[in-house]
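Hi,

Here is the structure I promised to pass on. Have a look at it first, and then read my notes below.

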Amino acid sequence: MAEHTLLDDALIRLDEAAAHLSIDPDVIEKLKYARETTKVRLMIRMDDGSRKSFLAWRCRYDDTRGPTKGGIRFHPASTAEEVETLAFWMTFKCAVMNLPYGGGKGAVQVDPRTLSKAELERLSRAYIQAFARIIGPDRDIPAPDVYTNSMIMGWMADEYAQIVGQHQPAVITGKPIALGGSLGRSDATARGGYYLVRHLTSDLQLDETMRVAIQGFGNAGQHIARLLAADGHKIVAVSDSEGAVFSAAGLHVDLLIDAKANGRSVSSTAGTGGHERAGPDELLAAECDLLVPAALENMIHEGNAGTVKAKLVLELANGPLTAEADEILQANGTVVLPDILANAGGVTVSYFEWVQNRQGFYWPVEEIHERLRTIMEREGREVWNVSRSKQVTMRTAAYVHALGRLAEAIEAHGTQSFFTS
């Protein structure tokens with residue numbers, strides 16, 4: 001028997017949610033498969049004069065509720081299956097937040113750290129040249145993801161403008177501020193998760209001061225550390241791809257952020273300010289109240305989930321827990337705030353950027369923060385209420401909440417019962 005794929009595991013969530021709703025089978029049939037996935041091979045000129053090709057994909061999973069929306073990642077392990085799974089998650093994430101979008105995703109199979117800056121720009125522009133017919137401000141709107149950033153989005157938006165012959169800032173979000181980017185976008189993923197935890201603290205019976213462990217110290221990990229530390233919470237463990245550090249008395253967040261800004265691992269701070277070197281598995285097993293997975297998919301699995309001591313897990317990464325890990329944490333009484341809700345601050349502020357681009361009027365950062373807080377608290381409360389009323393996990397509740405909206409939109413086009421009645 002063939003092994004379950006990443007997308008197969010993701011679709012289990014769809015079936016679990018459907019069991020709690022009365023929806024037409026047409027809805028499930030439509031959401032089981034990606035609407036379109038395009039695969040290309042990008043060919044660029046390297047700095048040494050040679051030519052090199054890279055596999056690339058763009059998936060538009062479902063556009064029932066609006067144009068598809070989703071990031072572009074540059075990663076050597078990217079696959080078509082991963083891209084479709086991420087686009088599936090984005091479909092539900094946008095529905096959870098009630099954004100007028102469907103889900104999309106893109107990737108290039110490359111380690112960007114091996115490229116020069118000029119090669120990186122050529123690759124970024126080649127991606128848009130290949131997918132210019134797929135994307136568009138009313139069709140599919142990319143954004144940054146793993147190993148891509150605002151500079152890359154700026155190159156991509158510029159390339160699209162050259163192809164279509166006019167300025168189209170709304171085609172891509174996560175751009176530099178000077179090129180139509182939105183204030184508040186850089187910390188939006190972390191800030192959304194921060195607002196969610198703060199809103200549900202009393203419901204979750206958490207202490208006002210928590211001990212926090214953060215797995216992954218990229219953009220989201222750094223910002224959540226800064227926000228939580230500013231509130232008086234103690235960051236006791238942090239890891240990145242090269243190592244981890246621990247301090248029961250609390251790590252110095254500024255030291256960690258400075259290390260990353262200078263191209264070093266968080267483990268380089270060991271021996272300074274009470275920081276002690278630790279292993280990746282030791283981070284998961286740290287004595288803490290809140291664990292924040294902010295790295296890649298499937299980082300917490302059957303082999304290590306049993307060591308987690310946190311009362312609450314905030315998924316800032318996409319799909320950081322396997323289905324088996326989910327079951328283990330549930331059995332151990334750990335509450336998981338799922339990715340399609342917990343890290344949705346990023347796509348929400350991307351939506352704000354798209355709106356601002358289209359109207360040509362830009363909001364102050366205070367207004368963006370307030371709009372984000374309002375949406376995170378509103379949808380977080382809805383998911384919490386579904387979880388309590390149906391006695392299901394927060395993950396299942398989030399999928400139920402999203403599926404209800406998706407079903408309403410799909411059924412509005414007519415289903416089998418309508419055409420046979």
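**What I found**

Strand 3 (residues 68–74) and strand 4 (residues 102–108) run parallel and are joined by five bridges. Here strands (E, at least two residues) and helices (H or I, at least four) are DSSP runs, numbered from the N terminus, and two strands pair if DSSP finds at least two bridges between them. Within this pairing, Thr68 stands opposite Gly102 of strand 4.

Before going on, please keep in mind that this is a predicted model: local features need pLDDT of at least 70, side-chain atom pairs count only at pLDDT 80 or more, and totals for chains, interfaces and linings use all residues. Residues are numbered from 1 along each chain as its sequence is written, and side-chain values use heavy atoms, with hydrogens and water left out.

Strands 3 and 4 belong to an open sheet of five strands with mixed pairing, in the order 1-2-4-3-5. At its edges lie strand 1 (36–45) and strand 5 (140–144), each pairing on one side only. Neighbouring strands are turned against each other by 20 degrees on average, direction ignored; axes are lines fitted to C-alpha atoms, for helices over the stretch in contact, and angles run from 0 to 180 degrees between N-to-C directions. Helix 4 (residues 117–131) packs on the sheet and touches strand 1, strand 2 (51–62), strand 3 and strand 4, where contact means heavy atoms within 4.5 Å. The direction of helix 4 makes about 140 degrees with that of strand 1.

Now to the aromatic residues. The whole structure holds 10 aromatic pairs, counting rings of Phe, Tyr and Trp (its six-membered ring) with centres within 6.5 Å; planes under 30 degrees apart are stacked, over 60 edge-to-face and the rest tilted. Phe92 and Tyr399 make a tilted pair, because their ring centres are 5.1 Å apart and their planes are at 45 degrees. This pair links distant parts of the chain, with Phe92 in helix 3 (residues 80–96) and Tyr399 in helix 14 (residues 394–411), 307 residues apart. Both Phe92 and Tyr399 are buried, meaning under 20% relative accessible area (over 50% is exposed, in between partly exposed; 1.4 Å probe, protein chains only). Tyr101, Tyr351, Phe352, Trp354 and Trp363 form one aromatic cluster.

As for the chain as a whole, it has 15 helices and 12 strands, and 57% of its 421 residues are buried.

Enjoy exploring it!

Best wishes
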